[in-house]
Every structure is written in structure tokens, then in C-alpha cells.
Amino acid sequence: MKDAVYITSEHNSIHEEQKAKKDKEYYEAFIHGDKKAFEMLVIEHKDHLIYFIQKIVQDIMIAEDLAQDAFVEILVHKERYHYQVSFKTYLYTIARNKAVDYIRKNQRLKFVDELPELANEEAGLEQRVIKDDEERLLYHTMKNLKEEYRLAIMLIDLEGLSYAEAAKVLDKSDAQMKILVYRARKSLAKLMEREGFTYEK
């Protein structure tokens, strides 16, 4: 009998709603001059954001710099965010744009399929982001997915964003996002099956 890896949609949805509500409270406090509230937003999202960017630029040091740039942009232009989307979606959209701009400026026209080995000092970041065995298994299996498939799985299944939010981050229409996620899950399920596991969402 094959082992199964499950991602619980209902649990993720409730958890993300709670985090989104807390983010909004922090941002409102930040808008009114509470610097500690902004620091809390950075603490809450920094590690996952670096991991997301690193999957695009394939360099942990650059990912850390771009994540910092994304937070600085929000700090300097705090009036631009009007709560139309969750803070997380807003932040990840800024970060994605910065990552894409970096790649364009450096003429890196093609994403690298294999993730680089993490140095010893970077291993802690991976361990904090990939918190349990199931996600670690997914991480290693996802290395063999197309780049856009990896990002779709990460945003929808691991980060808990809605289709609309993920579509905004990846600059897709809602319909395109649904097709992308369907294909990504199908492709991931096939890879997991080869390893003796099933992927169900």
C-alpha cells in the first residue's frame, strides 16, 4: 500500500484567514506609526518570502537581498497598499516583480531546473521553511517540476493562497491559474507515484 501525502484545504484556509486578519491589524498599526508592527510583518513573512524568491533566482544571497528590497518598498511607500488583496499577496507580488526584474537585468533568460546546494549556514533557513517530513518530501520531488508548476504548487498548496491571489502573484488570469494548478498537481502526482507515494489535494 502506498503512503499518501495530504494537504488539508480546510485547515490551510482557516489558518490563512487568521494570519491575513493579523497581518491587516499589524499593517493598520504600522500605517499609524507603530514601527514594531512593521517588524512583526517582516518576522512573519521573511523566511517564506526568501524561499519563494530563491526558487525564482536560484541564489539564496540574492533572494535575501530582494526580499529586503520588497520590504523596503513597502516601508517607503506604505500608502500604496489599500487592502484590496491580502498583505501576503501584495508582498509576494512585489517580490516576484523584483525577482523577474533581476533576472532580466542580468540576462538570465532561463530558469535553472535544479536547486543549488544550500551551504551549511543556509540549512537553517530551509529547515524553518520546510517544517515537516511531508513538506520536505514535496520539496525534493518538486525540484523535477517545471518552474511555473513549482510556484503554483507552492503558492496554492503550501502557502495557502487562493486562486485569485496566486494568479495576481504570477501575473495570470484566474482561468489560467486554475489550469496551471491542475496540470501542476497532475504532474506532481505522477512524480510522487514513482517514489511510492500519492499526492492528493
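With which residue does Glu 148 form a salt bridge whose closest N and O atoms are 3.5 Å apart? In this predicted model, the partner at that separation is Lys 172. Because Glu 148 lies in helix H7 and Lys 172 in the loop between H8 and helix H9 (174-194), the pair ties together parts that are 24 residues apart in sequence. Glu 148 also forms a salt bridge with Lys 146, and here the closest N and O atoms are 3.8 Å apart. The residues of these two pairs are described by similar terms: Glu 148 counts as partly exposed at 32% relative accessibility, Lys 172 is partly exposed with a relative accessible area of 31%, and Lys 146, at 48%, counts as partly exposed.

The structure holds 9 salt bridges. Among them is the one in which the side chains of Glu 159 and Lys 88 meet, with an N to O distance of 2.7 Å. This pair links distant parts of the chain, since Glu 159 is placed in the loop between helix H7 (147-158) and helix H8 (163-169), whereas Lys 88 belongs to helix H4 (residues 87-105), 71 residues apart. Glu 159 is buried, with a relative accessible area of 5%, and Lys 88 is likewise buried, also with a value of 5%; both residues are assigned to this class because buried means under 20% relative accessible area.

Further features are found in helix H2, which spans residues 35-57 and bends by about 45 degrees at His 45. At the start of H2, a side-chain oxygen of Asp 34 reaches to within 3.0 Å of the backbone nitrogen of Lys 36, while just after the helix Gln 58 takes a positive phi of about 60 degrees. The description of H2 thus takes in a contact at its start, a bend at His 45 and a positive phi just after it.

Attention then turns to the surface, where Val 72, Leu 75 and Val 76 make a nonpolar patch of about 240 Å². Of these residues, Val 76 is found in helix H3, which covers residues 60-76. With a relative accessibility of 52%, Val 76 counts as exposed, because the exposed class requires a relative accessible area over 50%.

Technical notes. Residues are numbered from 1 along each chain as its sequence is written. This is a predicted model: local features need pLDDT of at least 70, side-chain atom pairs count only at pLDDT 80 or more; totals for chains, interfaces and linings use all residues. Side-chain values use heavy atoms; hydrogens and water are left out. The bend at a residue is the angle between axes fitted to the seven residues ending there and the seven starting there. Helices (H or I, at least four residues) and strands (E, at least two) are DSSP runs, numbered from the N terminus. A polar contact is a pair of N or O atoms within 3.5 Å; within protein, one must be able to donate a hydrogen and the other to accept it, and residues adjacent in sequence count only if both atoms are side-chain atoms. Patches are made of residues with over 30% relative accessible area and no salt bridge: like charges are joined within 9 Å, nonpolar side chains (Val, Leu, Ile, Met, Phe, Trp, Tyr) within 5 Å. Accessible areas come from the Shrake-Rupley method with a 1.4 Å probe; for residues, only the protein chains shown count as cover. A salt bridge is a side-chain nitrogen of Lys or Arg within 4 Å of a carboxyl oxygen of Asp or Glu. Buried means under 20% relative accessible area, exposed over 50%, partly exposed in between (1.4 Å probe, protein chains only).
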